Amino acid sequence: MNSNIIKKQTIIHTKDLCKSYILGKNGINVLKNINLEIYAGDFTVIMGSSGGGKSTLLYSISSMDRPTSGSVSILGNEVTKMSEKELTAFRKSQISFIFQSMNLLNDLTAFENIAYIGYNSAPKADVNKRTLELLDAFGLREQKDKYPSELSGGQQQRIAICRALISNSKIIFGDEPTGALNSSAGRQVLDTLSELNKDGQSIVMVTHDLKAATRASRLLYMSDGRILAELNLGRYEAEQEADRKATVYEFLKQQGW
């Protein structure tokens, strides 16, 4: 055995995870006995066939939805056993979610959309300072007093990412965060996420976009409620993008994508 192999830290663990829905008189099994580990520092991307269960898996492993059976542990906490009150407190302190629709509050400025999340867990002065630091880091300082309707799609999504970072969450989950953006804005958001991952942020993202998938350090492919295959790519480097894209495309083609 190679003693130099470093074992990755597991931050999400599922055991026999199942999710079913009732449609009319019929039950639909969306997730089927999934056993999965997600590791700290990875940029994990979930792809798959339409209706294959990828978004359902994301919501189940992020505690945003409860599975029908099986267990989910996040950062050593079995969230499937928590009450709704406990889950709410856990989410606020440990995880963040970036949605395709951004979900910014229209009557708050860019600054306020970020800061109000942080006020739940830290002194106002500290949150305001951290908010300005995030706006500076993402090149958005000049937009701090603008409302969402005055921002481009890419700017709105980067504000949403700042909001996800204000509480220093251990894990960021993304549900098609570039799905509603044009090519340029989408690349800005992917660049931002890649930089965060390079700094050690753990990210778990669902996407249907090949360009987004190339940013993965680990790519999971789902179909019919199961994880069929995975591809380990290592940390994203821009100069390797063309080769990574070709590798990902070949992998997806083998899975029937």
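User: Which helices and strands each supply at least two residues of the lining of the largest pocket?

Analyst: In this predicted model, that condition is met by helix H2, strand S6, helix H3 (110-118) and helix H5 (153-165). H2 gives the largest share, namely five residues, and the lining as a whole is made up of 20 residues, with Arg91, Lys92, Ile95, Ser96 and Ile117 lying nearest the centre of the pocket. The space in this pocket comes to about 500 Å³.

User: What makes a residue count as part of the lining of a pocket?

Analyst: A residue belongs to the lining when it has an atom within 4 Å of a grid point of the pocket. By that test 20 residues line the largest pocket, and they divide into nine nonpolar, eight polar and three charged residues.

User: What does the lining of the second largest pocket look like by class?

Analyst: The second largest pocket holds about 200 Å³ of space. Its lining has 13 residues, and those closest to the centre are Ser183, Gly186, Arg187, Asp209 and Lys211. By class, the lining has two nonpolar, six polar and five charged residues. Helix H6 (residues 183-198) provides the largest share, four residues.

User: Which residues of helix H2 are called buried, and what is the test for that word?

Analyst: The word is used for a relative accessible area under 20%. In H2, which spans residues 84-94, the residues that pass this test are Leu87, Phe90, Arg91 and Gln94. Since they cover an arc of only 100° around the axis, they lie on the same side of H2. As a general rule, an α-helix has 3.6 residues a turn, so residues three or four places apart point the same way.

User: What covers the buried residues of H2?

Analyst: The cover includes four strands, which are S4 (69-74), S5 (77-78), S6 (95-99) and S7 (171-175).

User: Why is helix H1 described as largely enclosed?

Analyst: H1 runs over residues 54-61, and six of its eight residues are buried, so the rest of the structure largely encloses it. The buried residues are Lys54, Thr56, Leu57, Leu58, Ser60 and Ile61. After H1 comes Ser63, which has a positive phi near 75°.

User: Why is the space lined by Ser60 and Ser63 called a cavity and not a pocket?

Analyst: The two words differ in whether the space is open: in a cavity a 1.4 Å probe fits but cannot get out, whereas a pocket is an open set of points. A search of the whole structure finds one cavity of 30 Å³ or more, and the space in it is about 50 Å³. Besides Ser60 and Ser63, the lining includes Asp65, Arg66, Pro67, Val79, Thr80 and Leu87. By class, this lining has three nonpolar, three polar and two charged residues.

User: How do you know that strands S4 and S5 pair, and in which sense do they do so?

Analyst: Pairing needs at least two bridges between the strands. S4 and S5 have two bridges, in the antiparallel sense, so the requirement is met. Ser73 stands opposite Glu78 in S5, and in the hairpin of these strands, which has two residues between them, Leu75 takes a positive phi near 55°. Strand S1 (residues 10-23) also pairs with S4 in the antiparallel sense, over five bridges, and the bridge partner of Ile12 is Ile74 in S4.

User: What makes a strand an edge strand in the sheet of S2, S1, S4 and S5?

Analyst: The sheet is open, with four strands in the order S2-S1-S4-S5 and antiparallel pairing. S2 (26-39) and S5 stand at the edges, each having a single partner strand, so that one side of each is left without a neighbour in the sheet.

User: Is Asp16 buried, exposed or partly exposed, and what is the value behind the word?

Analyst: Asp16 has a relative accessible area of 35%. Values under 20% would count as buried and values over 50% as exposed, so 35% falls in between and Asp16 is partly exposed. Asp16 lies in strand S1 and has a positive phi of about 50°, although it is not a glycine. Asn33, placed in strand S2, also is not a glycine and has a positive phi of about 50°.

User: Where do strands S9 and S10 lie, and over how many bridges do they pair?

Analyst: S9 covers residues 218-223 and S10 covers residues 226-232, and they pair in the antiparallel sense over six bridges. Ser223 stands opposite Arg226 in S10, and in their hairpin, with two residues between the strands, Asp224 takes a positive phi near 50°.

Definitions and conventions
Residues are numbered from 1 along each chain as its sequence is written. This is a predicted model: local features need pLDDT of at least 70, side-chain atom pairs count only at pLDDT 80 or more; totals for chains, interfaces and linings use all residues. Side-chain values use heavy atoms; hydrogens and water are left out. Buried means under 20% relative accessible area, exposed over 50%, partly exposed in between (1.4 Å probe, protein chains only). The arc is that of the directions from the helix axis to the C-beta atoms. Contact means heavy atoms within 4.5 Å. On a 1 Å grid over the protein atoms alone, a cavity is a set of points where a 1.4 Å probe fits but cannot get out, and a pocket is an open set with protein on both sides within 12 Å along at least five of seven lines; lining residues have an atom within 4 Å of a point. Grid points are joined across faces, edges and corners, and a volume is the space filled by probe spheres set on the points. Ala, Val, Leu, Ile, Met, Phe, Trp, Tyr, Cys and Pro count as nonpolar, Asp, Glu, Lys and Arg as charged, and the others, Gly among them, as polar.
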